[in-house]
Amino acid sequence: MAKRDFYEVLGVPKGSDEAALKSAYRKLAMQFHPDRNPGNADAEHKFKEISEAYDCLKDPQKRAAYDRFGHAAFQNGGGGRGPHGFGPEFSSSMSDIFEDIFGDFMGARTGRGGSSRLRGSDLRYNLEITLEEAFSGRTVEIDVPTLVSCTTCDGSGAKPGTGMSTCRHCNGHGKVRAAQGFFTIERTCPVCQGRGQMLDQPCTDCGGQGRRQEHRTLSVDVPRGIEDGTRIRLAEEGEAGLRGGPPGDLYIFVSVKPHELFHRDGADLYARVPIAMTTAALGGEFEVPTLDNARARVKVAPGTQPGQRVRLRGKGMPILRSKDFGDLYVQLDVETPQNLTKRQRELLEQFEEASTRENSPTSDGFFSKLKSLFDG
């Protein structure tokens, strides 16, 4: 019986990349796995077929030869077959599929022979600062609950004066094998957790972990100009690794509190300032505070309209890792007079009687346009 095309077996087009091949292989392997289809000879045949196809196509050299010559590339000198008709290439594929499919169920993966040096976990710390602190930068001391290396056993997990011995369950390999029908499953040793060695006597202070819970005080340099949501990484300041393993990292997530006057957008600052109608009409000036504990003078031009902005160059936030600064934009909100006295009302009525189209060109033009639309 002629062999099916390997791409057809995996259900992928010829130009598929490695990720597409692996995804298709895993899906089909789980579907036709003998453990899921006990006694089903057809499923067993398909399982071997997709394993052979994947083993060929995942290897760039084999794939190039197959793309050029097809199955004829492997018909001569193809290597011996093992038990049950499985060759070396099937064993390689089986190793891949068990690592990919069952790795999550067997715990964290370890290298061949196991390892007793497991990396510590990364930690997260949320730091909230004010806009003024983001402007000037500062050094902050933080208290971090974490796992630190045990000083009694120097992180080894072994009681002082004792050592390690080879795990008897896996004979130091860190993995054990179990027969499942016609094939063998290799998994992490449940006794030594893949390390291949066992403690003769665990440390009494850390229980053999090589680390213990403790609070650490760390100094963090917050650079000036830092933005909300920035992440600061402190390498090797996370949890200590298990039994002398390398420590993880500490990630500090910075959030900036809202400010009562300023709104930030990148390096620029925005502020809304209400001004009197007379100031907007006649012009004037006022002062606003800045984040460097100084004051900036804002000039209001005569005839200023509501919502107009005044730009103050270089009065914004410092730009991170730069000597430059952003700008401060002051939006002028014109306030309409309220609670008028009789005299004030009379003056406004006199002003209205004396007004011409030149005093309010925008509104006069708008209502003239409305009138022409209604007349039309």
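# Questions on a predicted model

Of the 376 residues of the protein in this predicted model, 33% count as buried.

Student: Which elements of secondary structure does the protein contain, and how many helices and strands are there?
Tutor: The model is a predicted one, and its elements are of both kinds, helices and strands. The count for the protein is nine helices and 15 strands.

Student: Among contacts between residues at least 6 apart in sequence, what share joins residues at least 24 apart?
Tutor: The contacts considered here are those in the protein between residues at least 6 apart in sequence. Of these contacts, the share that joins residues at least 24 apart is 65%.

Student: How does the length of helix α2 agree with the span expected at 1.5 Å a residue?
Tutor: Helix α2 covers residues 18-32 and has 15 residues. From its first C-alpha to its last the helix reaches 21 Å, which is close to the expected value of 21 Å.

Student: Which residues of α2 are buried, and over what arc around the axis do they lie?
Tutor: The buried residues of α2 are L21, A24, Y25, L28, A29 and F32. Because they cover such a limited arc around the axis, they are on the same side of α2. An α-helix has 3.6 residues a turn, so residues three or four places apart point the same way. The arc covered by the buried residues of α2 is only 130°.

Student: Which residues on the other side of α2 are exposed?
Tutor: The side of α2 in question is the one other than that of the buried residues, and to count as exposed a residue needs a relative accessible area over 50%. On that other side of α2 the exposed residues are A19 and K27.

Student: What is the angle between α3 and α4, and how is their arrangement described?
Tutor: Two packed helices are described by the angle between their axes and the distance between the axes. For α3 and helix α4, which spans residues 60-69, the axes come within 5 Å and cross at roughly 105°. That crossing angle therefore makes α3, with respect to α4, roughly perpendicular.

Student: Which residues make the contact of α3 with α4, and how many of them are nonpolar, polar and charged?
Tutor: From α3 the contact is made by D55, C56, L57 and K58, and from α4 by P60, K62, R63 and Y66. Sorted by character, the residues of this contact are four nonpolar, no polar and four charged.

Student: Is E49 buried or exposed, and which residues does it contact beyond its neighbours within four places in sequence?
Tutor: E49 is found in helix α3, which runs over residues 41-58. Its relative accessible area is 15%, and because buried means under 20%, E49 is buried. Leaving aside its neighbours within four places in sequence, E49 is in contact with R4 and V9.

Student: What is the relative accessible area of A53, and how far apart in space are A53 and Y7?
Tutor: A53 has its place in helix α3 and is buried, with a relative accessible area of 0%. Not counting residues up to four places away in sequence, A53 touches F6, V9 and L10. A53 and Y7 are 46 residues apart in sequence, yet from C-alpha to C-alpha their separation in space is 7.5 Å.

Student: Where does G196 lie, and what separates its C-alpha atom from that of G174?
Tutor: G196 lies in the loop between β5 (183-188) and β6 (197-199), and at 3% relative accessibility G196 counts as buried. Leaving out residues up to four places away in sequence, G196 touches S165, T166, C167, C170, G172 and G174. G196 and G174 are 22 residues apart along the chain, and their C-alpha atoms are separated by 4.2 Å.

Student: What is the phi of E236, and is this residue buried or exposed?
Tutor: E236 is found in the loop between β8 (231-234) and β9 (250-256). Although E236 is not a glycine, its phi is positive, at about 60°. At 55% relative accessibility, E236 counts as exposed.

Student: Where is F135, and how far apart in space are F135 and D292?
Tutor: F135 is found in helix α6, residues 131-136, and at 13% relative accessibility F135 counts as buried. Its contacts, leaving aside neighbours within four places in sequence, include R224, L291, D292 and F325. F135 and D292 are 157 residues apart in sequence, and their distance in space, C-alpha to C-alpha, is 7.8 Å.

Definitions and conventions
Residues are numbered from 1 along each chain as its sequence is written. This is a predicted model: local features need pLDDT of at least 70, side-chain atom pairs count only at pLDDT 80 or more; totals for chains, interfaces and linings use all residues. Side-chain values use heavy atoms; hydrogens and water are left out. Helices (H or I, at least four residues) and strands (E, at least two) are DSSP runs, numbered from the N terminus. Buried means under 20% relative accessible area, exposed over 50%, partly exposed in between (1.4 Å probe, protein chains only). Contact means heavy atoms within 4.5 Å. Axes are lines fitted to C-alpha atoms, for helices over the stretch in contact, and angles run from 0 to 180 degrees between N-to-C directions. Angles under 35 degrees count as roughly parallel, over 145 as roughly antiparallel, 65 to 115 as roughly perpendicular and the rest as oblique. Ala, Val, Leu, Ile, Met, Phe, Trp, Tyr, Cys and Pro count as nonpolar, Asp, Glu, Lys and Arg as charged, and the others, Gly among them, as polar. The expected span of a helix is 1.5 Å times one less than its number of residues. The arc is that of the directions from the helix axis to the C-beta atoms.
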